[in-house]
Amino acid sequence: MAEIRAFSGWRYNLARVGELSAVVAPPYDVIGPELEAQLLARHPANVVRVELGKEPPNNPDNERYARAARHLHEWKVNGTLIEESDPAIYVCHQQFQVEGRSYTRRGFLARLKLEPFGAGHVYPHEETMPGPKADRLKLYHATGMNISPVFGMYPDRENEVQELLEDAIRGQTPTEAVDHLGVVSRLWPLSKHEVVSRLQGAMGPRPIFIADGHHRYETAIRYREERRAAGAVRDDESPADFCLMMCVGMGDPGLVILPTHRLIGGMRGLRAEQLRSLLAREFDIEDVGDGEAGGRATWELIEADGGQNLLGCG
């Protein structure tokens with residue numbers, strides 16, 4: 001069974017940082033140099049200084065991980081970060097727009113019991129690479145903390161789990177932040193033992209599928225094994241036995257899944273006619289149109305098909 005727990009999170013002290021929007025950042029693997037510069041300029045305590053922290057010129061390797069640890073320590077000491085007084089589950093709503101339509105994705109943050117892939121109820125869908133895992137492991141070694149959550153989905157056709165949480169937060173005022181893309185995130189901590197216990201019971205029989213954060217999840221398992229070997233994991237409830245996860249029900253109306261677009265290069269001299277001939281060995285091919293109109297017509301066909309075997313190529 002998938003095991004979740006409440007936890008005492010470290011949160012920004014709004015009395016010190018002012019607007020929460022000034023200190024949030026996306027995961028490390030989507031932050032380019034331009035966005036990093038924008039985030040650094042927003043606030044001296046923006047979490048990008050811990051989550052990414054590019055190496056300055058002439059600095060020895062690994063210095064950025066030590067620097068991330070120093071930032072965390074400083075922010076804890078000076079009150080920029082404060083620890084939740086009681087263990088909590090954190091309900092999280094994210095409001096965003098796609099093609100002019102507004103959506104709200106509802107989920108919750110909890111710590112999830114780590115299970116090796118293939119040996120429990122947590123399932124991956126992609127391969128991982130050693131480079132990102134080595135990077136995240138160094139950050140673990142330096143900070144001993146989960147800096148950003150893994151994104152997991154679980155089956156919940158009737159939204160039973162989330163409705164339980166909606167009842168619990170009704171009438172409460174959330175903490176709110178707006179990110180660089182205009183996504184509005186709202187957070188409610190829930191520490192009532194009864195609510196947490198009911199949530200654990202509802203989530204227990206459900207599998208969890210990782211949508212994003214495979215490298216972070218595998219790194220968490222590696223870190224746990226290291227801590228066990230060092231004798232630092234005393235029992236099954238030790239912090240290293242868990243990872244931070246954002247859980248969203250597959251039946252949630254705000255769980256919008258968009259296509260992944262790819263540009264393919266490096267094939268000089270390849271003509272459309274040649275490509276068509278090569279693809280015809282494996283696919284049934286249909287000409288749809290030209291330019292923007294052809295692209296929109298292709299997308300309408302893909303949406304109408306609703307399967308996984310129809311691809312558009314331009």
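## Strand β5 and its partners

L112 of β5 has C243 as its bridge partner in β11. This is a predicted model, and strand β5 is a good place to start reading it. β5 and strand β11 (residues 242-249) run antiparallel and are joined by 7 bridges. On β4, 9 bridges hold the antiparallel pairing with β5, and one pair to look for is H93 with its bridge partner R106 in β5. The two strands form a hairpin with 2 residues between them, and E99 in that turn has a positive phi of about 50 degrees.

Strand β1 (residues 4-5) also pairs with β5, again in the antiparallel sense, over 2 bridges. Here R5 finds its bridge partner in R111 of β5. How many residues of β5 are buried? The count is 10 of 13, so that β5 is mostly covered.

## Around H93

H93 sits in strand β4 (residues 89-98). Is H93 buried or exposed? With a relative accessibility of 9%, H93 counts as buried, because the cut-off for buried is under 20% relative accessible area. Its side chain makes a polar contact of 2.8 Å with the side chain of E166. Leaving aside residues up to four places away in sequence, H93 touches a list of residues including T104, R105, R106, Q162 and I169, as well as V184, S185 and W188.

## S185 in strand β9

One of those contacts, S185, belongs to strand β9 (residues 184-190). S185 has a relative accessibility of 21% and counts as partly exposed, because the limit for buried is under 20%. Beyond the residues up to four places away in sequence, S185 touches H93, Q94, T175, E176 and A177. With Q94 there is a polar contact between the two side chains, at 3.4 Å. For another distance check, the C-alpha atoms of S185 and T104 are separated by 9.4 Å, while the two residues are 81 apart along the chain.

## Salt bridges

The whole structure holds 24 salt bridges. In one of them, R106 pairs with E163, with 3.3 Å between the closest N and O atoms. R106 lies in strand β5 (residues 101-113) and E163 in helix α6 (residues 160-169), so this pair ties together parts 57 residues apart in sequence. R106 is buried at a relative accessible area of 14%, whereas E163 is partly exposed at 34%.

K133 and E218 form another salt bridge through their side chains, at 2.9 Å from N to O. This pair links distant parts of the chain, with K133 in helix α5 (residues 130-143) and E218 in helix α8 (residues 214-229), 85 residues apart. Both partners are partly exposed: K133 has a relative accessibility of 24% and E218 has 22%.

A further salt bridge joins E160 and R206, whose closest N and O atoms are 2.9 Å apart. E160 lies in helix α6 and R206 in the loop between α7 and β10 (208-212), so the pair connects parts that are 46 residues apart in sequence. E160 is partly exposed at 48% relative accessible area, while R206 counts as buried at 14%. There is also a network, in which salt bridges that share partners join K113, R224, E225, R228 and D241.

## Helix α5

Does the length of α5 fall short of the expected span, or agree with it? At 1.5 Å a residue, the 14 residues of α5 should span 20 Å, and its end C-alpha atoms are 20 Å apart, which agrees. The buried residues of this helix are D135, R136, L137, L139, Y140 and T143. They pack against α3 (48-51), α4 (63-77) and α8. Just after α5, G144 takes a positive phi of about 65 degrees.

## Nonpolar cores

Nonpolar side chains tend to be buried together in soluble globular proteins. Which residues touch the most other members of the largest nonpolar core? They are F108 and Y217, in a core of 36 residues. Helix α7 (residues 193-203) supplies the largest share of this core, with 5 residues. Another core lies apart from it and has 14 residues, among them A45, W75, L139 and A177. L139 is also one of the buried residues of α5, and A177 is one of the residues that S185 touches.

Methods. Residues are numbered from 1 along each chain as its sequence is written. This is a predicted model: local features need pLDDT of at least 70, side-chain atom pairs count only at pLDDT 80 or more; totals for chains, interfaces and linings use all residues. Side-chain values use heavy atoms; hydrogens and water are left out. Helices (H or I, at least four residues) and strands (E, at least two) are DSSP runs, numbered from the N terminus. Buried means under 20% relative accessible area, exposed over 50%, partly exposed in between (1.4 Å probe, protein chains only). Contact means heavy atoms within 4.5 Å. A polar contact is a pair of N or O atoms within 3.5 Å; within protein, one must be able to donate a hydrogen and the other to accept it, and residues adjacent in sequence count only if both atoms are side-chain atoms. A nonpolar core is a set of buried Ala, Val, Leu, Ile, Met, Phe, Trp, Tyr and Cys residues joined through side-chain atoms within 4.5 Å. A salt bridge is a side-chain nitrogen of Lys or Arg within 4 Å of a carboxyl oxygen of Asp or Glu. The expected span of a helix is 1.5 Å times one less than its number of residues. Two strands pair if DSSP finds at least two bridges between them.
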